[in-house]
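This report describes a single protein chain, moving from one residue to its helix, then to charged pairs and a loop. The sequence and the structure are shown first.

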Amino acid sequence: MNTPITSIQGFADYMQISRLSEEERAECLSFITRESRRLKEISTTLLAMVNLENKEELLREEFSIRDLCKRLEELYRKVMDEEEIKLFIECSVEIMKGNHILMESFLRNMITNGVRALDNRVNKEIKISIYQDGNKIKLQVEDNGCGMEEKHLENIFEPFYRVDKARSREYGGSGLGLPFCKKIVEMHSGNLQVESKVNEGTKFIATFTV
């Protein structure tokens with residue numbers, strides 16, 4: 001829930017300190033409205049998941065992963081321009097089964113991690129690939145950031161584990177983002193893997209059975 005709150009606060013602050021055209025003001029208000037609706041959807045989903053029966057029903061839904069990707073492209077366009085990051089999203093899958101709120105939270109967390117890993121890098125890129133491989137659907141998120149040493153890879157999905165404590169303090173990281181992502185994938189009967197090399201980047205691959 002912190003992500004949409006941060007977005008709402010950021011756009012509201014931007015409107016207060018900047019001299020905006022009517023078009024820019026309308027765009028900011030549109031983002032605020034959209035993120036407010038998302039915040040409501042998240043709270044509704046979390047409440048529904050308290051009931052195990054409702055949780056099973058939520059995970060049987062079908063949604064357009066392609067539409068979700070379009071929303072993410074639009075949402076992050078301004079941020080990526082400001083950070084000078086190239087965001088590539090390729091999606092050859094139309095429909096997925098599961099909860100679209102949780103899946104969007106998963107992708108947002110992955111993007112946020114990628115942005116943090118790209119700090120002070122040049123030619124910054126984040127690539128999202130969603131494709132079907134046999135009876136599997138794969139969501140792959142890759143960055144060309146700082147990467148991680150192999151000794152950290154088996155621990156990064158543990159709650160409160162931080163590879164770089166100084167960087168986490170700077171960005172306000174809680175150490176819960178990746179465990180949350182792993183839990184979302186597991187709830188959808190999938191598995192989450194990570195590949196990383198120092199100074200080359202990191203790749204997360206979530207795999208789901210069709």
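A residue is called buried when its relative accessible area is under 20%, exposed when that area is over 50%, and partly exposed in between. The model discussed here is predicted.

**Residue S105 and its helix**

With a relative accessible area of 9%, S105 falls under the 20% cut-off and is therefore buried. S105 is placed in helix α5, which covers residues 100-117. Once neighbours within four places in sequence are set aside, the contacts of S105 are R38, F180 and I184.

Helix α5 as a whole is mostly covered, with 13 of its 18 residues buried. From the first C-alpha to the last, α5 reaches 26 Å, close to the 26 Å expected at 1.5 Å a residue. At the start of this helix, a side-chain oxygen of N99 comes to within 3.2 Å of the backbone nitrogen of I101.

**The chain as a whole**

The secondary structure comprises eight helices and seven strands. The chain has 210 residues, of which 41% are buried. Considering contacts between residues at least 6 apart in sequence, 68% join residues at least 24 apart. The exposed area of the chain is about 12400 Å², and carbon and sulfur atoms supply 47% of it.

**Salt bridges**

How many salt bridges does a search of the whole structure find? The search returns ten. Among them are the three pairs tabulated here, each with its N to O distance.

| Pair | N to O distance |
|---|---|
| K127 and E125 | 3.8 Å |
| E149 and K151 | 3.8 Å |
| E186 and K182 | 2.5 Å |

In the pair of K127 and E125, K127 has a relative accessible area of 39% and is partly exposed. E125 is also partly exposed, at 23%. In the pair of E149 and K151, E149 is partly exposed with a relative accessible area of 42%, whereas K151, at 55%, is exposed: the value for K151 lies over the 50% cut-off, so this residue leaves the partly exposed class.

The pair of E186 and K182 lies within helix α8 (residues 177-187), where the two residues are four apart, about one turn of the helix. An α-helix has 3.6 residues a turn, so residues three or four places apart point the same way. E186 is partly exposed, with a relative accessible area of 40%, and K182 is partly exposed at 27%. Elsewhere, salt bridges that share partners join E35, R71, E104 and R108 into one network.

**The loop between α5 and β4**

Two asparagines deserve attention for their backbone angles. Most residues other than glycine have a negative phi. N120, which is not a glycine, has a positive phi near 65°. N120 is found in the loop between α5 and β4, the latter covering 124-133. Is N120 buried or exposed? At 71% relative accessibility, N120 lies over the 50% cut-off and therefore counts as exposed.

N123 lies in the loop between α5 and β4 as well. Its phi is positive, about 50°, although N123 is not a glycine. N123 has a relative accessible area of 65% and is exposed.

Technical notes. Residues numbered from 1 in each chain as written. Predicted model: local features only at pLDDT ≥ 70, side-chain atom pairs only at ≥ 80, totals over all residues. Heavy atoms only, no water. Buried < 20%, exposed > 50% of the residue type's maximum accessible area, 1.4 Å probe, protein only. Contact = heavy atoms within 4.5 Å. Expected span 1.5 Å × (residues − 1). Polar contact = N/O pair within 3.5 Å; in protein donor to acceptor, adjacent residues only side chain to side chain. Areas by Shrake-Rupley, 256 points an atom, 1.4 Å probe, with all protein chains shown as cover. Salt bridge = Lys/Arg side-chain N within 4 Å of Asp/Glu carboxyl O.
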